[in-house]
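Here's a walk through a multi-chain model, going from contacts between chains down to single loop residues. Have the viewer open as you read.

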Amino acid sequence: MVHLSWYIFLSAALFSIGLYGVLARKNAIAILLGVELMLNAANINLVSFWRYGNNALMGGQVFSIIVFAVAAAEVAVGLALVIAVYRSRNTIVADELDLLKW
Amino acid sequence: MEFLSDPIKVIYEWLMLTFTGWSWAGWVSSLVINLLAIVGFISAIMVLDILLVWVERKVVARFQDRLGPNRVGPFGIFQPFPDIIKLILKEDITPEGADRVPFNLAPILSLGSVLFLWAVVPLASRIYGVDLNVALLYLVAAGSIGTLSIIMAGWASNNKYALLGAYRMVANMISYEIPMVVALLIPTVLAGSMSLKTITEAQSTNGGVWFVLVSPLGALIFLIAAIAELGRSPFDLNEGESEIVSGYHIEYSGMKFGLFYAGELLHAFTFGGFVAALFFGGWHGPWAEQYPLLGAFYFVAKAMFGYWVIMWVKYTVPRIRIDHMLAFNWKFLTPLAFALLMVTAVVHRVLLDVPTWLYVAGMFLSNVILVWITVEVLRAQARREREAKASAQLAAAD
Amino acid sequence: MTAEQIIFFLTGALILVSALMVVTTRNLVHAALWLVSTLFGVAVLFASLDATFLAVVQVVVYIGAIAILFIFAVMLTRRNLLDKVPQTNAGWPWAALVAISAFAGLVFLVGQMPNAGAQKNVVFGDPLMALSMALVSPDAYVLAFEVASIMLLAALVGAVYIANRK
Amino acid sequence: MENPWVYLGLFLIVGLLIPVAAIVMSAILAPRKPNPIKMSTYECGMETVGDNWIQFKAQYYVFALAFLIFDVETVFLFPWAMSLNVMPLFVAVEGVIFILILLAGLYYIWQKGMLDWV
């Protein structure tokens, strides 16, 4: 049998990989890719808690659907920002976008 | 006549007896039988696909007042087989600078995404792959893998024209996916289920009628969106030969090109099958309940008719420009599809408990009224534009 | 090992390997394609958890829409990020340290979890129908349903406004 | 089979293996005589200039964005459409409000002229 903790470990590993991507990547689009991995880790958790808990309550699945909508909104606005920045600064390397840095 | 009433069950039980006779474990025999069934089913689809090449060539020849293939076999029906042998024996050229893994993966996913669709299609009352309760969304999901394969092909070829063709095709496919999904929502509302099997059954049992009578506009929107999704004329600007050579598969040769071509033909036939299953009663017909093989025949015949309509449109209508295509989708088809969905949902809910004839009449009438309102809006719009143009001309003349 | 465990390990390996490729590969289009592979693995995981609707929606939304949007964005901004230069910033060892310690902390916390060894319950009724009714029922999540549409509206208006500003 | 997903998984694997088999068969049987001219990128017979980077039209991105939002919307609408038969009329009205809110977004980008291909 597959225990609940296996799913949680998998999602923890996925979350950490996504965190590394967000922190280490230079390119703004690659950072958003890392955020997607982290959101998916959260989704695995929600669905496995639904499945292993009282699965007559649909909260876990409804939550994950809302997470899908949030992910879509985040990607839409995030990539639009990246493109706007690219147009004005001609770069999307996060290290070079330091206009507010002293 | 057990075999005629439920052939799958008879074959399954016979194979099960044979395998357990060889002292295999129950789950192993079940797995092997399912695997055999899948391989057999997909092989049958591929043979059908090969015959579709002949059908397509013969039909286009008739539309263009030609004879078409007529040398190999009676009516040239064996023509596709030499074609395939030629494709297999052709040298496969991978262009310099191509990204090898996506380049080779793209044609596989392209044909695969079409084959996946057949897993959920109910061929007859007791002949179907799997009764998935989210079948309609599964269709959309398989289609999105096809979209991905196109952008992979365009990007990995390292060719400007391929990339340009892929952009156009993807813009086309993702735009028309919205009205297509909304058109898929209409049978969902009417049948209260996303399973293709339940939707097909809802069109005959308990006095149900074909959904094309309940929602003719939905069927029309689905057909238009399906043609656009296929990238067939009039929406074939992804391959506009005169401008961008042949679209995203320009760098593909030999069998890889053959896979794209086979995928496109099979996709057209598959959409014919979906129009049949969603709006024209699927396998339903006289005596189809008792004899599933007859039902499968009805289904293939209806799918073939849908495929013929798609070909008819393809070889009659000229190609449209990309701005017209996108404007037609976003400014006309998408709002219309959403309006139809809202009207269908509310009218369906209100008329849920009335007799069938009243329900059908009410739904049909709501569709007619919606079409009438649309036409009036379009006429008012056209009149406004005409008057604006006339007054501009008058001003210029002064 | 049961078949269920084999499927879990294969899917888990696919997810983690592809996720590692997403964060380490230099070519951004490849990173987006590896993301597709990760998300497909997550969809298989959802199917193995009997969340049929979410498994299909995962493919429709992530592979069909979000991955395409990523690839478009990469192509739009590809000019001065050559694929050959390193794609990590100077502080990447620190990032790796943070990620590993986050993982260690999470593993420790999961170890403390009281029901870590829980077994799957029998699925109650028809989860798909229950989900549909929960999502639109006035006693359940209808507010979230409507607020989601307002959020999507805000995202559409905002994103198009930002992307098209001259 | 009791679990449809097992059948579906097998179907996906076989559905991918058949195109792979076609390519492998072709790779075994077909000749292979590469030369630089044959391998070069096809540009209507002209010499190939530059790499495949072309100016990407930002308009494609706007359509992809609108598609993403409406795609997610339809994901919410499928459960709504399924539950209509068993829920009160109020639920149908909920969905209509949901659609109208998003059509307002479509109207906005239409009025801003972002649906016009320039």
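Two residues are in contact here if their C-beta atoms, placed from the backbone, lie within 7 Å.

## Chain A and its partners

With that cut-off, 7 residues of chain A are in contact with 7 residues of chain D. The chain A side of that contact is made up of 7 nonpolar residues, with no polar and no charged ones. Keep in mind that this is a predicted model. Its overall scores are ipTM 0.89 and pTM 0.91.

Now turn to chains A and C. Their contact takes in 60 residues from chain A and 75 residues from chain C. On the chain A side, helix H1 (4-24), helix H2 (28-52) and helix H3 (59-89) each bring at least two residues to the contact. H3(A) supplies the largest share of that side, at 19 residues. Sorted by class, the chain A residues touching chain C come to 42 nonpolar, 13 polar and 5 charged.

## Chain C: helices, spread out

Chain C has 6 helices and 0 strands, so to speak a plain α-α-α-α-α-α when you read along the sequence. How does its radius of gyration sit against the globule rule for 166 residues? The value is 20 Å, well over the 15 Å from the rule, so chain C is more spread out than a compact globule. Along the principal axes, the C-alpha atoms of chain C fill a box of roughly 55 × 45 × 30 Å.

Of the 166 residues in chain C, 48% are buried. Take the contacts within chain C between residues at least 6 apart in sequence: 46% of these join residues at least 24 apart.

One loop residue in chain C is worth a click. Asp50(C) sits in the loop between helix H2 (28-48) and helix H3 (52-76) of chain C. Its phi is near 65°, a positive value in a residue other than glycine. Asp50(C) has 18 other C-beta atoms within 10 Å, which makes it partly exposed, since buried would take 20 or more.

## Chain B: two domains

The domain assignment splits chain B into domain 1 (1-89) and domain 2 (93-397). The C-alpha centres of these two domains of chain B are 25 Å apart. Where they meet, 17 residues of domain 1 of chain B are in contact with 19 residues of domain 2 of chain B.

Which helices of chain B build the domain 1 side? Helix H1 (2-5), helix H2 (7-21), helix H3 (26-63) and helix H4 (80-89) of chain B each give at least two residues to it. The largest share, 10 residues, belongs to H3(B). By class, the domain 1 side holds 13 nonpolar, 1 polar and 3 charged residues.

## Chain B: a helix and two loop residues

Helix H12 (residues 254-279) of chain B makes a handy geometry check. At 1.5 Å a residue, its 26 residues should span 38 Å, and the end C-alpha atoms are indeed 38 Å apart, so the two agree. H12(B) is also mostly covered, with 24 of its 26 residues buried. After H12(B) comes Gly281(B), whose phi is positive, near 80°.

Phe75(B) lies in the loop between H3 and H4 of chain B. Phe75(B) is not a glycine, yet its phi is positive, about 55°. With 13 C-beta neighbours inside 10 Å, Phe75(B) counts as partly exposed.

Ser195(B) is in another loop, the one between helix H7 (160-191) and helix H8 (196-202) of chain B. Is Ser195(B) buried or exposed? It has 22 C-beta neighbours inside 10 Å, so it counts as buried. Leaving out residues up to four places away in sequence, Ser195(B) touches Asp131(B), Leu132(B), Asn133(B) and Ala135(B). Glu91(B), on the other hand, is 104 residues from Ser195(B) in sequence and 44 Å away in space, C-alpha to C-alpha.

## Chain D: helices and confidence

Chain D has 4 helices and 0 strands, running α-α-α-α from the N terminus on. Buried residues account for 36% of its 118 residues.

The mean pLDDT of chain D is 82, and 86% of its residues reach 70 or more. Among the elements of chain D, helix H4 (residues 89-111) has the highest mean pLDDT, 89, and helix H2 (residues 36-39) the lowest, 74. Where pLDDT is low, the predicted coordinates should not be read in detail.

Notes
Residues are numbered from 1 along each chain as its sequence is written. Chains are lettered from A and ligands numbered from 1 in the order in which they are written. This is a predicted model: local features need pLDDT of at least 70, side-chain atom pairs count only at pLDDT 80 or more; totals for chains, interfaces and linings use all residues. Ala, Val, Leu, Ile, Met, Phe, Trp, Tyr, Cys and Pro count as nonpolar, Asp, Glu, Lys and Arg as charged, and the others, Gly among them, as polar. Domain bounds come from an automatic or database domain assignment. pLDDT is the predictor's confidence in each residue, from 0 to 100. The radius of gyration is taken over C-alpha atoms; the globule rule is 2.2 Å times the number of residues to the power 0.38. A residue is buried if 20 or more other C-beta atoms lie within 10 Å of its own, exposed if 12 or fewer, and partly exposed in between; C-beta atoms are placed from the backbone. The expected span of a helix is 1.5 Å times one less than its number of residues.
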